[in-house]
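Q: I have a chain open on my screen and would like to go through it in small steps. Can we start with the overall layout and then pick out single residues?

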Amino acid sequence: MQVVESPAHSAPPGRRHPIDAVIGKAARCADPRSTYTPLFFSENPAEAARAKAICSSCTFRQLCLPNVLQRPVAYGVWAGVLVVDGEIKRVDEPALTAIN
């Protein structure tokens with residue numbers, strides 16, 4: 001996946017960038033009932049795989065990943081990859097094999 005780096009993803013501290021609203025309404029993970037939300041933050045490998053599958057065909061992946069890497073995100077599936085403490089983690093990293 002090619003990541004598009006853009007200054008458009010930065011916003012003043014304490015304010016959401018307008019791209020967050022676009023992603024929040026139109027991305028595949030956008031779910032007004034929050035049905036999918038637990039999948040993206042689950043430690044269950046099957047649920048994390050389901051979250052990654054939801055992201056796999058999303059047209060907003062290129063916007064989502066650089067956006068989330070600029071935030072203090074502790075854990076979750078974003079743009080189809082696992083992000084822990086603001087870093088993309090690989091499946092083969094020992095500490096993460098249980099959740100990937």
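The chat below goes from the overall layout to the sheet, then to single residues.

Q: What kind of model is this?
A: It is a predicted model.

Q: Ok. How many helices and strands does the chain have?
A: The chain has four helices and three strands. Starting at the N terminus, the order of elements is α-α-α-α-β-β-β.

Q: And how much of the chain is buried?
A: Of the 100 residues in the chain, 33% are buried. The chain exposes about 6300 Å², and 56% of that comes from carbon and sulfur atoms.

Q: What share of the contacts joins residues at least 24 apart?
A: Counting contacts between residues at least 6 apart in sequence, the share is 47%.

Q: Let's do the strands. What order do they have in the sheet?
A: The order is β1-β2-β3, in an open sheet with antiparallel pairing. β1 and β3 are the edge strands, each pairing on one side only. On average, neighbouring strands are turned by 40° against each other, direction ignored.

Q: Which helix packs on that sheet?
A: α4 does, and it touches β1, β2 and β3. The direction of α4 makes about 10° with that of β2.

Q: Which residues of α4 are buried?
A: They are C64, L65, P66, N67 and V68. These buried residues pack against β1 (75–78), β2 (81–84) and β3 (87–89), and also against α1 (18–26).

Q: Back to β1 and β2. How many bridges join them?
A: Four bridges join these two antiparallel strands. Y75 stands opposite V84 in β2, and V77 has L82 as its bridge partner in β2.

Q: What sits between the two strands?
A: β1 and β2 form a hairpin, with two residues between them. One residue in the turn, A79, has a positive phi of about 55°.

Q: Where else is there a positive phi?
A: S34 has one of about 60°, although S34 is not a glycine. S34 is in the loop between α1 and α2. D85 is also not a glycine and has a positive phi, near 50°. The place of D85 is the loop between β2 and β3.

Q: Is S34 buried, partly exposed or exposed, and what about D85?
A: S34 counts as partly exposed because its relative accessibility is 42%. D85 has a relative accessible area of 61%, so D85 is exposed.

Q: New topic: cysteines. How many disulfides are there?
A: The structure has zero disulfides. C29 is in none, and its nearest cysteine sulfur, that of C55, is 6.0 Å away. C55 is in no disulfide either, with the sulfur of C29 as the nearest one at 6.0 Å.

Q: Why doesn't a 6.0 Å pair count?
A: A disulfide needs the two sulfur atoms within 2.5 Å. The sulfur of C55 is 6.0 Å from that of C29, so this pair does not qualify.

Q: Are those two cysteines buried or exposed?
A: C55 is buried, at a relative accessible area of 7%. C29 counts as partly exposed, at 35% relative accessibility.

Q: Next one, S42. Where does it lie?
A: S42 is in the loop between α2 (37–40) and α3 (45–56). S42 counts as buried because its relative accessibility is 9%, and the cut-off for buried is under 20%.

Q: What does the side chain of S42 reach?
A: It reaches the backbone nitrogen of N44, at 2.9 Å. Apart from neighbours within four places in sequence, S42 is in contact with E47, A48 and Y75. Y75 came up earlier as the residue opposite V84.

Q: Last one: F60. Where is that, and is it buried or exposed?
A: F60 is in the loop between α3 and α4 (61–69). At 15% relative accessibility, F60 counts as buried.

Q: Which residues does F60 contact?
A: Leaving aside neighbours within four places in sequence, F60 is in contact with V22, I23, A26 and A27.

Q: How far apart are F60 and I23?
A: Along the chain they are 37 residues apart, while their C-alpha atoms are separated by 6.7 Å.

Notes:
Residues are numbered from 1 along each chain as its sequence is written. This is a predicted model: local features need pLDDT of at least 70, side-chain atom pairs count only at pLDDT 80 or more; totals for chains, interfaces and linings use all residues. Side-chain values use heavy atoms; hydrogens and water are left out. Buried means under 20% relative accessible area, exposed over 50%, partly exposed in between (1.4 Å probe, protein chains only). A polar contact is a pair of N or O atoms within 3.5 Å; within protein, one must be able to donate a hydrogen and the other to accept it, and residues adjacent in sequence count only if both atoms are side-chain atoms. Contact means heavy atoms within 4.5 Å. Accessible areas come from the Shrake-Rupley method with a 1.4 Å probe; for residues, only the protein chains shown count as cover. Two strands pair if DSSP finds at least two bridges between them. Axes are lines fitted to C-alpha atoms, for helices over the stretch in contact, and angles run from 0 to 180 degrees between N-to-C directions.
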